[in-house]
Amino acid sequence: MTTKNKKRRIAILTGGGDAPGLNAVIRAVVRSAIWEHGWEVYGVRNGYDGFLEPDGVYPLTLEHVLGILPRGGTILGAANRGDPFARKEIRDGREVLVDVSGKIVQRAKEMHLDAVIVVGGDGTLKAALRLFDMGLPVVGVPKTIDNDVNGTDYTIGFDTAVQVATDALDRLHSTAEAHHRVMVVELMGRHAGFLALHGGLAGGADVILIPEIPFHFEVLAEAVRQRVYRRRQFSIFAVAEGAYPVGGQPVYRRKGDALTAPRLGGISEVVARYIEEATGIESRFLILGHLQRGGSPSATDRVLGTRFGTFAVELIAQDRLGVMTALRGDAIVPVSLKEALSQHRNVDPNGQLVRTARQIGVYFGDETWLLQEASSG
Ligand code: F6P
């Protein structure tokens with residue numbers, strides 16, 4: 001029997017925050033593993049946590065994936081704070097961090113799993129790499145609306161989130177225009193500006209603020225004034241939740257500590273308040289929040305999820321483990337998890353997309369020449 005035809009038993013889990021398109025991956029894995037190869041497939045509930053529960057790993061059949069392609073979320077459940085090397089548990093009434101990685105590797109061994117497909121963002125995939133080094137046979141699939149996983153052009157969920165951001169900006173245009181207001185829309189993305197940059201461009205934002213380009217408050221006010229001189233009585237800002245001013249820090253709703261993860265949020269309110277005080281123009285803020293993660297995946301995310309899912313199964317058939325599926329141009333290719341996760345992915349502040357936005361007059365808040373022009377003229 002060639003390795004390609006060897007009968008295998010594989011599992012799939014979805015870790016971290018959910019993202020539209022996860023179900024497309026699960027469906028593709030189940031269908032191609034069963035149909036093309038005749039393998040056994042197991043679903044792991046709630047990220048890595050399922051490995052720790054008696055019924056947390058269960059057989060996935062073709063019936064389980066019927067009708068799930070257009071559904072958001074994940075039929076397996078996810079766990080955003082499920083780091084197997086520092087899992088939050090209650091012991092003697094106190095929250096403590098426990099390393100459960102050994103138990104996970106052991107359970108997979110006991111179940112004779114030939115491979116575990118880990119669908120996750122940066123954090124989940126980093127844990128996958130450490131588990132791989134401990135002996136867990138892993139293949140990764142990158143997903144996150146933040147698009148901040150290195151090694152792939154796009155992650156699953158990003159396209160849908162960009163569309164949600166675009167729709168929101170479109171809707172806000174008409175009301176901002178009618179009331180001559182500044183609308184500051186806060187988009188997710190953690191410490192990367194991909195979502196704000198793509199959503200802002202697609203939604204026609206006048207100002208885009210991203211963590212990769214720290215901004216000056218005075219420049220933002222001057223940009224709004226400049227628009228007013230040009231008879232644009234309203235302005236739309238697309239602001240990444242991780243954006244921050246020169247010499248300042250990102251704004252957190254919750255700082256986080258050893259037991260709780262930090263939560264970004266609130267920069268849009270700070271910006272809106274400053275603009276209103278500095279220009280006298282009514283300024284409102286809106287935090288789009290989890291709307292960006294919910295709902296039916298776009299056609300692009302469904303196709304990408306399907307391609308990643310089937311490719312992950314192909315990689316297992318070829319015994320290629322410790323790798324992640326990646327989109328490079330139009331091709332799906334394997335990338336070593338180690339290589340992909342060796343650095344964080346961010347928007348190139350001098351890249352083509354930022355230049356394109358600047359060419360059409362979008363402000364990023366670093367245009368200090370605006371201030372010189374204003375003071376000299
Ligand atoms: O990583 C995805 C993401 O949606 C980020 O954009 C955001 O900062 C974070 O997750 C929110 O996480 P939670 O849903 O746990 O608050």
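**Aromatic pairs, strand S1 and the setting of Thr 160**

Tyr 154 counts as partly exposed, since its relative accessibility is 36%. The model described here is a predicted one. Across the whole structure, a search finds 3 aromatic pairs. One of them joins Tyr 154 and Phe 158, whose ring centres are 5.8 Å apart and whose planes are at 20°, so this pair is stacked. Phe 158, at 3% relative accessibility, counts as buried, being under the cut-off of 20%. The stacked pair therefore brings together a partly exposed ring, that of Tyr 154, and a buried residue, Phe 158.

Another pair is formed by Phe 217 and Tyr 274; here the ring centres lie 4.9 Å apart and the planes stand at 40°, so the pair is tilted. Phe 217 belongs to helix H6 (residues 217-229) and Tyr 274 to helix H7 (residues 267-279), so the pair ties together parts that are 57 residues apart in sequence. Of these two residues, Phe 217 is buried, with a relative accessible area of 18%, whereas Tyr 274 is partly exposed at 27% relative accessibility. Together with Phe 215, Phe 217 and Tyr 274 make up one aromatic cluster.

Aromatic rings also take part in arrangements with charged groups. The charged end of Arg 130 sits over the ring of Phe 85, at 3.8 Å from the ring centre. Likewise, the charged end of Arg 227 sits over the ring of Phe 234, and the distance to that centre is 5.4 Å.

Strand S1 (residues 9-14) is largely enclosed by the rest of the structure, because 5 of its 6 residues are buried. S1 pairs with two strands described here. With strand S2 (residues 40-44), the pairing is parallel and runs over 4 bridges; within it, Arg 9 stands opposite Glu 40. With strand S6 (residues 115-120), the pairing is also parallel and runs over 5 bridges, and Ala 11 stands opposite Val 116. S1 and S2 further combine with helix H1 (residues 22-37) in a right-handed β-α-β unit.

Thr 160 is placed in helix H4 (residues 158-179). Thr 160 is buried, its relative accessible area being 5%. A polar atom of the Thr 160 side chain lies 2.9 Å from the backbone nitrogen of Ser 298. When neighbours within four places in sequence are left aside, the contacts of Thr 160 are Pro 20, Ser 296, Pro 297, Ser 298 and Asp 301. Ser 298 thus appears both in the list of contacts and in the polar approach to the side chain.

Notes: Residues are numbered from 1 along each chain as its sequence is written. This is a predicted model: local features need pLDDT of at least 70, side-chain atom pairs count only at pLDDT 80 or more; totals for chains, interfaces and linings use all residues. Side-chain values use heavy atoms; hydrogens and water are left out. Buried means under 20% relative accessible area, exposed over 50%, partly exposed in between (1.4 Å probe, protein chains only). Two strands pair if DSSP finds at least two bridges between them. A crossover is right-handed if, with the strands pointing away from the viewer, the path from the first strand over the helix to the second runs clockwise. A polar contact is a pair of N or O atoms within 3.5 Å; within protein, one must be able to donate a hydrogen and the other to accept it, and residues adjacent in sequence count only if both atoms are side-chain atoms. Contact means heavy atoms within 4.5 Å. Rings of Phe, Tyr and Trp (its six-membered ring) pair if their centres lie within 6.5 Å; planes under 30 degrees apart count as stacked, over 60 as edge-to-face and the rest as tilted. A charge sits over a ring if NZ of Lys or CZ of Arg is within 6 Å of the ring centre and within 35 degrees of the ring normal.
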